[in-house]
Amino acid sequence: EHYETVRRRKDGSLIDVSLTVSPVKDDRGKIIGASKIAYDVTDRKRAEKEIRFQASLLNAVEQAVVATDLDGKILYLNSFAESLFGWSSSEAIGSSVLDIISADTLKEDGAKILTRLSRGESWSGEFLLKRKDGSVFPAMVTDSPILSAKGELIGVVGVSVDITERKRAEEEKTRLHESEREARAEATRAPPAASRTRRGAG
């Protein structure tokens, strides 16, 4: 059994603790006691709180905001992200961002992106993302580092914008240009009307 709780130190201060409790059995398999292992996760909890706070500051941008820790665990999801991806905060928080919203292309570039973020640099690019229903859409994604007070990378905040309509308009523009180019090429290959008339008269 595993759970997290708060314990009080001897000096009266409170710490966040991760507890793992396992049964202790004798040679015949009878439970004779319990083994308890405790880990101090205060720093991790503090980092998660800072990540959520910094991500919440981006709510005013009215775009999908998702914040994760360095393992890719979702810690924050704003209402615009809920609408875009189809996941509620209660469903997404605690899950891997790669499993929830990332298409395969983003998984492949994850290490490269994290390397830039670890240097304190932001990163942006176009990616295919996926919704809860499995549908995939193109998005402009901007990932920025979340740093601790000591300047250490503790998380990532990503802002995603659905660019489906823009991509559709670009494709339509390209298709029209291609049709126009083919029409001009066809007109260049065709003989002049007057020349066709003279040949017909002869």
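How much space lies in the second largest pocket? I would like to start there this morning, and the answer is about 240 Å³. Before going on, please keep in mind that what we are looking at is a predicted model.

Let me stay with the second largest pocket for a moment. Its lining is made up of D43, R46, A47, K49, E50, S148, A149, K150, E152 and I154, and when these residues are divided by class, six are charged, three are nonpolar and one is polar. Helix 1, which covers residues 42-56, gives the most to this lining, with five residues. For those of you who are new to this kind of analysis, rolling a probe the size of a water molecule over the atoms shows where empty space is left.

Now to the largest pocket, which has a volume of about 480 Å³. It is lined by 24 residues, and those closest to its centre are T68, V97, L98, D143 and V156. By class, 13 residues of this lining are nonpolar, seven are polar and four are charged. Which elements each supply at least two residues of the lining? They are three helices and three strands, so let me read them out slowly. The helices are helix 4 (97-100), helix 5 (104-108) and helix 6 (110-118), and the strands are strand 4 (64-69), strand 7 (136-147) and strand 8 (153-162).

Those strands bring me to the sheet. It is an open sheet of five strands, with the order 5-4-8-7-6 and antiparallel pairing. The edge strands are strand 5 (74-77) and strand 6, each of which pairs on one side only. From one strand to the next, the twist averages 30°. If you follow a strand by eye, it helps to remember that in a regular strand the side chains alternate between the two faces of the sheet.

Let us walk across the sheet, beginning at strand 5. Strand 4 and strand 5 run antiparallel and are joined by three bridges, and in one of the pairings T68 has I74 in strand 5 as its bridge partner. You have met T68 already, among the residues closest to the centre of the largest pocket.

Strand 7 and strand 8 also pair in the antiparallel sense, over nine bridges, and here V141 stands opposite S160 in strand 8. The hairpin of these two strands has five residues between the strands, and within this hairpin G151 takes a positive phi near 85°.

On its other side, strand 7 is joined to strand 6, residues 123-130, by eight bridges, and these two strands run antiparallel as well. W123 stands opposite D143 in strand 7, and D143 is another of the residues closest to the centre of the largest pocket. The hairpin of strand 6 and strand 7 likewise has five residues between the strands, and in this hairpin G134 takes a positive phi near 95°.

My last topic is the salt bridges, of which the structure holds seven. As a reminder, side chains of opposite charge can pair when their charged atoms come close. I will take a few of them in turn.

In the salt bridge between the side chains of E91 and K132, the N to O distance is 2.7 Å. This pair links distant parts of the chain, since E91 belongs to helix 3 (residues 89-92) and K132 to the loop between strand 6 and strand 7, 41 residues apart. Are these two residues buried, exposed or partly exposed? E91 counts as partly exposed because its relative accessibility is 34%, and K132, with a relative accessible area of 41%, is partly exposed too.

The side chains of K167 and E126 meet in a salt bridge as well, at 3.1 Å from N to O. Here again distant parts of the chain are linked, with K167 in helix 7 (residues 164-189) and E126 in strand 6, 41 residues apart. K167 is partly exposed, with a relative accessible area of 24%, and E126 is partly exposed, with a relative accessible area of 39%.

Finally, R116 forms a salt bridge with E121, in which the closest N and O atoms are 3.3 Å apart. Both residues are partly exposed, R116 with a relative accessible area of 33% and E121 with one of 31%. This pair does not stand alone, for R116, R119 and E121 are linked in a network of salt bridges.

Conventions. Residues numbered from 1 in each chain as written. Predicted model: local features only at pLDDT ≥ 70, side-chain atom pairs only at ≥ 80, totals over all residues. Heavy atoms only, no water. 1 Å grid on protein atoms, 1.4 Å probe; cavity = no way out; pocket = protein on both sides within 12 Å on 5 of 7 lines; lining within 4 Å. Points joined across faces, edges and corners; volume = space filled by probe spheres on them. Helix = DSSP H or I, 4+ residues; strand = E, 2+ residues; numbered from the N terminus. Nonpolar A, V, L, I, M, F, W, Y, C, P; charged D, E, K, R; others polar. Pairing = 2+ DSSP bridges. Salt bridge = Lys/Arg side-chain N within 4 Å of Asp/Glu carboxyl O. Buried < 20%, exposed > 50% of the residue type's maximum accessible area, 1.4 Å probe, protein only. Axes fitted to C-alpha atoms, helices over the stretch in contact; angles between N-to-C directions.
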